[in-house]
Amino acid sequence: MNIEQKQLISATVPVLKENGVLLTTHFYNRMFTHNPELKNMFNMGNQESGKQQTALAMAVLAYAENIANPGVLMPVVDRIGHKHVSLDIRPEHYQIVGRHLIASIQEVLGTAATPDILEAWTVAYQQLATLMSGHETKLYEQKATQKNGWTGWRPFFIGKKTVESAEITSFYLYPADGGKVMPHIPGQYISIRVFLPELSLYQSRQYSVSSTPTHDYYRISVKKEKGLQLDTDGKISNYLHDFIQEGIKLTLLLRLVTLR
């Protein structure tokens, strides 16, 4: 990215401050219209509440504000990277996101999105995508090279289900392939993906590991959320409590991650 392009990105900061959420809302609507399969990778509850749109708007703004020295954002990149690894985000997904983001900038800004501005943002996004995917590749490799490690989604089954209280139930999760697991360390979470029939989508949720370290299984202790209007996280906790029984093999996929 050259100096002129960085200056163009910096010049869009006021627009992003004023219209950032409008832009990201348009972006998500556009992306899910053209690539509805990506709904399986996003928390649709956060989409409904607007949380995801706001978070992305703030991230884009921070990147534009620090375009001259994006290295200062590495702590943020690391945090987002761990989250992306928990969702199995891969380099090809960045290309889809980039295509819809640049198109959204053009559609939302209209004539203000000059060819030079669009080119600058295209280069800027590719720079960010390279930074993010490169960092995430290292995180994936760290997991894959550890003893009993793996990368990508892995099927597990419920070896034991224990009701701890009126609200909390523990689930003992064993690899369906009969293999071993990496012993967890404090601060690590299990990322679970289940199919919610009411949404006709796969949705993911992170739960802290509640067992002592072992090579055989992971245990999570899930609180059942209550209320008439449950968000996606509440729907998943209720699904686990009400429908997941011992011995059942189902579309329940796990990966061990550290969320910062």
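Burial, ring pairs and fold in a predicted model

Q: Why is tyrosine 28 called buried?
A: In this predicted model, tyrosine 28 has a relative accessible area of 4%. The term buried applies under 20%, so tyrosine 28 is buried.

Q: What makes phenylalanine 27 count as buried?
A: Its relative accessibility is 2%. Set against the limit of under 20%, this value means that phenylalanine 27 counts as buried.

Q: How many aromatic pairs are counted?
A: The count comes to 11 aromatic pairs, with ring centres required to lie within 6.5 Å.

Q: Why is the pair of phenylalanine 27 and tyrosine 28 called tilted?
A: The ring centres of phenylalanine 27 and tyrosine 28 are 4.9 Å apart, and their planes stand at 55 degrees. Stacked needs under 30 degrees and edge-to-face over 60. An angle of 55 degrees meets neither condition, so the pair is tilted.

Q: What makes the pair of tyrosine 239 and phenylalanine 243 tilted?
A: Here the centres are 5.4 Å apart and the planes are at 40 degrees. The angle is neither under 30 nor over 60 degrees, so this pair is tilted.

Q: Why are tyrosine 239 and phenylalanine 243 separated by about one helical turn?
A: Both belong to helix α8 (residues 232-243), and they are four residues apart in it, so the separation is about one helical turn.

Q: Are tyrosine 239 and phenylalanine 243 buried or exposed?
A: Tyrosine 239 has 17% relative accessibility and therefore counts as buried, the limit being under 20%. Phenylalanine 243 has a relative accessible area of 54%; exposed means over 50%, so phenylalanine 243 is exposed.

Q: Which residues do ring pairs link into a cluster?
A: The cluster consists of Phe27, Tyr28, Phe32 and Phe42.

Q: Where is tyrosine 140 found, and why does it count as buried?
A: Tyrosine 140 is part of helix α7 (residues 115-145). Its relative accessibility is 6%, so tyrosine 140 counts as buried. The C-alpha atom of tyrosine 140 is 10.0 Å from that of arginine 90, with these positions 50 residues apart along the chain.

Q: What makes glutamine 53 buried?
A: Glutamine 53, in helix α4 (residues 51-65), has a relative accessible area of 8%. Buried means under 20%, so glutamine 53 is buried.

Q: With which residues is glutamine 53 in contact, leaving aside neighbours within four places in sequence?
A: Glutamine 53 is in contact with Thr24, Thr25, Tyr28, Asn46 and Gln47. Isoleucine 248 is 195 residues from glutamine 53 along the chain, and the two C-alpha atoms are separated by 36 Å.

Q: How do you know that the radius of gyration agrees with that of a compact globule?
A: For 260 residues, a compact globule would have a value near 18 Å; the protein chain has 20 Å, which agrees. The C-alpha trace spans about 60 × 45 × 25 Å along its principal axes, and buried residues make up 45% of the chain.

Q: What is the pattern of helices and strands along the sequence?
A: The chain has eight helices and six strands, in the pattern α-α-α-α-α-α-α-β-β-β-β-β-α-β. Of the contacts with a separation of 6 or more, 72% join residues 24 or more positions apart.

Q: How much area does the protein chain expose, and how far apart are the mean positions of its charges?
A: The protein chain exposes about 13,100 Å², of which carbon and sulfur atoms supply 55%. The mean positions of the 26 positive and 23 negative charges are 7 Å apart.

Conventions: Residues numbered from 1 in each chain as written. Predicted model: local features only at pLDDT ≥ 70, side-chain atom pairs only at ≥ 80, totals over all residues. Heavy atoms only, no water. Helix = DSSP H or I, 4+ residues; strand = E, 2+ residues; numbered from the N terminus. Rg over C-alpha atoms; globule rule 2.2 N^0.38 Å. Buried < 20%, exposed > 50% of the residue type's maximum accessible area, 1.4 Å probe, protein only. Contact = heavy atoms within 4.5 Å. Areas by Shrake-Rupley, 256 points an atom, 1.4 Å probe, with all protein chains shown as cover. Lys, Arg positive; Asp, Glu negative; His and termini not counted. Charge placed at Lys NZ, Arg CZ, Asp CG, Glu CD. Phe/Tyr/Trp six-rings, centres within 6.5 Å; stacked < 30°, edge-to-face > 60°.
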